[in-house]
Amino acid sequence: MPRTRLSICQRKQRFASEEDAVRAALAASIELRPYACDRCGQFHLTSRLKGKRRLVRPERGKHGP
């Protein structure tokens with residue numbers, strides 16, 4: 001897997017834990033997913049889908065009884 005470019009890492013917000021990154025992704029107005037950065041060892045958010053495992057999506061209305 002290619003490394004995160006240093007210039008990209010330096011511009012992005014960093015989250016100390018995946019939980020913090022997930023919380024920020026859920027609060028965003030667009031679909032984002034957290035990933036562990038191989039440069040800084042913290043977590044960033046991305047909207048890219050290519051080669052990624054999952055998105056964190058805000059829950060829409062639940063259907064059920």
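Partly exposed, as I use it here, means a relative accessible area between the buried limit of under 20% and the exposed limit of over 50%. I'm working from a predicted model, so I keep that in mind throughout.

**Entry 1: the acid-base cluster on α2**

I started with Asp 20. How exposed is Asp 20? Its relative accessible area comes out at 31%, so I logged it as partly exposed. Next I looked for its salt-bridge partner and found Arg 23, with the closest N and O atoms 3.0 Å apart. Why do these two sit about one helical turn from each other? Because they are three residues apart in helix α2. Following shared partners, I could join Glu 19, Asp 20 and Arg 23 into one salt-bridge network.

The other link in that network is between the side chains of Arg 23 and Glu 19, at 2.8 Å from N to O. Glu 19 and Arg 23 are both in α2 as well, four residues apart, which I noted as about one turn of the helix. I then checked accessibility for this pair. Arg 23 is partly exposed at 47%, while Glu 19 reaches 56% and so counts as exposed, the cut-off being over 50%. How many salt bridges did I count? The count is two.

**Entry 2: the nonpolar core**

Which residues make up the largest nonpolar core? I wrote down six: Phe 15, Ala 21, Ala 25, Leu 32, Phe 43 and Leu 45. Helix α2, residues 18-27, and strand β2 each put at least two residues into this core.

I picked Phe 15 for a closer look at its contacts. Skipping neighbours within four places in sequence, I found it touching Asp 20, Ala 21 and Ala 24, then Gln 42, Phe 43, His 44 and Leu 45. Asp 20 on that list is the residue I had already logged in a salt bridge with Arg 23. Ala 21, Phe 43 and Leu 45 are fellow members of the core.

**Entry 3: Thr 46**

Last stop was Thr 46, which I placed in strand β2, residues 43-46. Is Thr 46 buried or exposed? Its relative accessibility is 8%, under the 20% limit, so it goes down as buried. What does Thr 46 touch? Leaving out residues up to four places away in sequence, I listed Lys 12, Glu 31, Leu 32, Arg 33 and Tyr 35. Leu 32 I recognised from the core. I also noted a polar atom of the Thr 46 side chain 3.1 Å from the backbone nitrogen of Arg 48.

Notes. Residues are numbered from 1 along each chain as its sequence is written. This is a predicted model: local features need pLDDT of at least 70, side-chain atom pairs count only at pLDDT 80 or more; totals for chains, interfaces and linings use all residues. Side-chain values use heavy atoms; hydrogens and water are left out. Buried means under 20% relative accessible area, exposed over 50%, partly exposed in between (1.4 Å probe, protein chains only). A polar contact is a pair of N or O atoms within 3.5 Å; within protein, one must be able to donate a hydrogen and the other to accept it, and residues adjacent in sequence count only if both atoms are side-chain atoms. Contact means heavy atoms within 4.5 Å. A nonpolar core is a set of buried Ala, Val, Leu, Ile, Met, Phe, Trp, Tyr and Cys residues joined through side-chain atoms within 4.5 Å. A salt bridge is a side-chain nitrogen of Lys or Arg within 4 Å of a carboxyl oxygen of Asp or Glu.
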